[in-house]
Amino acid sequence: MNENIQKLQEWIDGSENIVFFGGAGVSTESKIPDFRSTDGLYNQKYKYPPETIISHSFYKRNPEEFFRFYKDKMLYPDAEPNAAHLKLAELEKAGKLKAVVTQNIDGLHQKAGSETVYELHGSVLRNYCEICGASYDLDYVVNYDGVPKCNQPGCHGTVKPDVVLYEEGLNGMTIDAAVRAIAAADMLIIGGTSLTVYPAAGFVDYYRGNKLVLINRDETPMDYRANLIIRDKIGEVFSAIKV
Ligand code: OAD
């Protein structure tokens, strides 16, 4: 075990209120591409920039193109949790980890068994009719040909994923819970996020302890805040950790 991972293990052993804050890099080892790496979603070529397509105004203006992109590039119904998701769930079961705060929308933390998960950007697993509020699962959206429509008698509203699009605000209750958890944490592990998207990235400021660990392949604007930086793959790092 290298020195950094040994230190991470020691800090985990000595903590009882750990919070994990993560992003797309947590799921790349589950074969879901991240956004900003060279092979990430934002570096691929489309007719419009991805940030434009996954914005609220584009969704309203051009739902056909939105759903074409969304289904093609943002849905991974067959993805499975990797070692990072699984170890975080184990740490929660052991009573050490109190919450996962994630920017991901893939539901893999829950699939791995985590219970307290604050999904800042929503989830592809929840979908609601914009008119009558009827709820639909991921399969409904995946299997619907074109723009998914509500099947309630006489409704036919568009079924919108419960995912925070650009120009939309985050859920207030989720923000509140995430911030409280981070503020109360004795150890904060941040992983797989470029820490460039606000308000989520700003949540780091609520941590008041001195065990801030950053596990990320690339540098981030908040590296200077970390007490320990690990540049390895997050799934591999967590596989080395014993609960
Ligand atoms: P990014 O794509 O911006 O950053 C992912 C980070 O994870 C990068 O810094 C990579 O170096 C790192 N990374 C990738 N694979 C890794 C691995 N196996 N182990 C360790 N590190 C790894 O993703 P986010 O920070 O999550 O928002 O992006 C934030 C938000 O931007 C997303 O939630 C999304 C996007 O626009 C919305 O859709 C609202």
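Buried means under 20% relative accessible area, exposed means over 50%, and partly exposed lies in between. Keep these cut-offs at hand for the exercises below, and remember that the model is predicted.

**Exercise 1. Classify both partners of the Asp223–Arg231 salt bridge by burial.**

Start with the contact itself: the side chains of Asp223 and Arg231 come together with N and O 2.5 Å apart. Next, take the accessibilities. Arg231 has 33% relative accessibility, so this residue counts as partly exposed. Asp223 has a relative accessible area of 13% and is therefore buried. Elsewhere, salt bridges with shared partners tie Glu119, Arg126 and Asp162 into one network.

**Exercise 2. Find where the partners of two further salt bridges sit, Lys60 with Glu130 and Arg180 with Asp176.**

The structure has 10 salt bridges, and these are two of them. Take Lys60 and Glu130 to begin with: their N to O distance is 3.3 Å. Lys60 belongs to helix α3 (residues 56-61), while Glu130 is in the loop between β4 (122-129) and β5 (135-136), so the pair, 70 residues apart, links distant parts of the chain. Lys60, at 47% relative accessibility, is partly exposed, and Glu130, at 37%, is partly exposed too.

Now turn to Arg180 and Asp176, whose closest N and O atoms are 3.6 Å apart. Here both residues lie in helix α8 (residues 172-184), four residues apart, or about one turn of the helix. Arg180 is exposed at 59% relative accessibility, whereas Asp176 is partly exposed at 43%.

**Exercise 3. Work out what the side chain of Lys96 contacts, given that Lys96 is buried yet has no salt bridge.**

Begin by locating Lys96, in the loop between α5 (83-93) and β2 (97-102). Then look for a partner: the nearest side chain of opposite charge is that of Asp13, 5.5 Å away. A salt bridge needs the nitrogen within 4 Å of a carboxyl oxygen, so this pair does not count as one. Finally, check the backbone: the side chain of Lys96 reaches the backbone oxygen of Asp13 at 3.2 Å.

**Exercise 4. Describe the surroundings of the ligand and its polar contacts.**

First, the shell: 24 residues surround the ligand, and the closest are Arg36, Tyr42, Tyr166, Ser194 and Asp218. By class, the shell contains seven nonpolar, 10 polar and seven charged residues.

Second, the contacts. A side-chain N or O atom of Thr28 is 2.8 Å from a nitrogen atom of the ligand. Ile234 contributes a backbone N or O atom, 3.0 Å from a ligand nitrogen. A polar backbone atom of Gly192 lies 3.4 Å from a ligand oxygen.

Third, the cover: of the 800 Å² of accessible area that the ligand has on its own, the protein covers 97%.

**Exercise 5. Locate a cis peptide bond and two residues with positive phi.**

Most residues other than glycine have a negative phi, and most peptide bonds are trans. Go through the exceptions one by one. The bond joining Tyr198 and Pro199 is cis, with omega about 10°, and Pro199 is in the loop between β7 (187-191) and β8 (212-215).

Lys31 has a phi near 70°. Its loop runs between β1 (18-22) and α2 (50-53), and at 72% relative accessibility Lys31 is exposed.

His156 has a phi near 65°. The loop that holds His156 lies between α7 (138-143) and β6 (159-163), and with a relative accessible area of 53%, His156 is exposed.

Terms used
Residues numbered from 1 in each chain as written. Predicted model: local features only at pLDDT ≥ 70, side-chain atom pairs only at ≥ 80, totals over all residues. Heavy atoms only, no water. Near = heavy atom within 4 Å. Polar contact = N/O pair within 3.5 Å; in protein donor to acceptor, adjacent residues only side chain to side chain. Areas by Shrake-Rupley, 256 points an atom, 1.4 Å probe, with all protein chains shown as cover. Nonpolar A, V, L, I, M, F, W, Y, C, P; charged D, E, K, R; others polar. Helix = DSSP H or I, 4+ residues; strand = E, 2+ residues; numbered from the N terminus. Buried < 20%, exposed > 50% of the residue type's maximum accessible area, 1.4 Å probe, protein only. Lys, Arg positive; Asp, Glu negative; His and termini not counted.
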